[in-house]
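Colleague: I would like to understand how the labels on this model are earned, so could you take me through some of them slowly?
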Amino acid sequence: MKFADAEFFYLEELLGSIDVSLAKTNAQLMKSDVWDRDCMCDKGEYLIGAGFCAMQRYLFDILRDVEIDPGLARELGPKSRNGAAVAKLVHSAANYWKHEPEWHYWLSELQDRAQKTVDTILHSRDSADYPLSDLLADLCGENELLLVNCLPYLSEWRSPVWEKVSKNV
């Protein structure tokens, strides 16, 4: 199924521009000494988080003006190697990046919704210093660690959403 989808092209351009900075950061990281690595990993995590937010916006663009529960829509479409819905992973990663500063590390326990978000992005891990980077690596598989490598998942996600909506009309 073909889609006339301007937002997809906007997203592709935006992620491509973030990826330029991300690739530069990754290259610097490989050459850096141990003292500089944390700072560069923090920068990479920030760039990846912004990319996941842009992808989340795209998910909402697709769901605009259609009657489907957004939670159900996020369960549709391609799955990760661990069997998790990629749209749900993207949504949770964006929420994590946006709200993580509110979840102070000294809290003994996160609220249920926040804990579910963290558990989702950990993607079967017990913990991670850079969970968004790890999630992106999971989604990229053998491909280079770039946000644009998530675009095929989003493109593939549109069809089952459209099919579900079409059946309900």
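Modeller: Let us begin with phenylalanine 9, which counts as exposed at 52% relative accessibility, because exposed means over 50% relative accessible area, buried under 20%, and partly exposed in between, computed with a 1.4 Å probe on protein chains only. Please keep in mind that this is a predicted model, in which local features need pLDDT of at least 70 and side-chain atom pairs count only at pLDDT 80 or more, while totals for chains, interfaces and linings use all residues. Residues are numbered from 1 along each chain as its sequence is written, and side-chain values use heavy atoms, with hydrogens and water left out.

Colleague: Why is phenylalanine 8 called buried?

Modeller: Phenylalanine 8 has a relative accessible area of 12%, and since buried means under 20%, the label applies.

Colleague: What makes phenylalanine 8 and tyrosine 58 an edge-to-face aromatic pair?

Modeller: Their rings are 5.7 Å apart centre to centre, with 70° between the planes. Rings of Phe, Tyr and Trp (its six-membered ring) pair if their centres lie within 6.5 Å, and planes under 30 degrees apart count as stacked, over 60 as edge-to-face and the rest as tilted, so both parts of the name are met. The pair joins distant parts of the chain, for phenylalanine 8 belongs to helix α1 (residues 6-31) and tyrosine 58 to helix α2 (residues 34-63), 50 residues apart; here helices (H or I, at least four residues) and strands (E, at least two) are DSSP runs, numbered from the N terminus.

Colleague: What sits over the ring of phenylalanine 8?

Modeller: The charged end of arginine 158 does, 5.0 Å from the ring centre. The rule asks that NZ of Lys or CZ of Arg be within 6 Å of the ring centre and within 35 degrees of the ring normal.

Colleague: How do you know that cysteine 140 and cysteine 150 form no disulfide?

Modeller: The sulfur of cysteine 140 has its closest cysteine sulfur in cysteine 150, 5.3 Å away, whereas a disulfide is a pair of cysteine sulfur atoms within 2.5 Å, so the two are too far apart for a bond. Cysteine 39 is also too far for a bond, because its sulfur is 9.4 Å from the closest one, in cysteine 41. A search of the whole structure accordingly finds 0 disulfides.

Colleague: Is cysteine 140 buried or exposed?

Modeller: Cysteine 140 is buried, with a relative accessible area of 3%, whereas cysteine 39 is exposed, at 58%.
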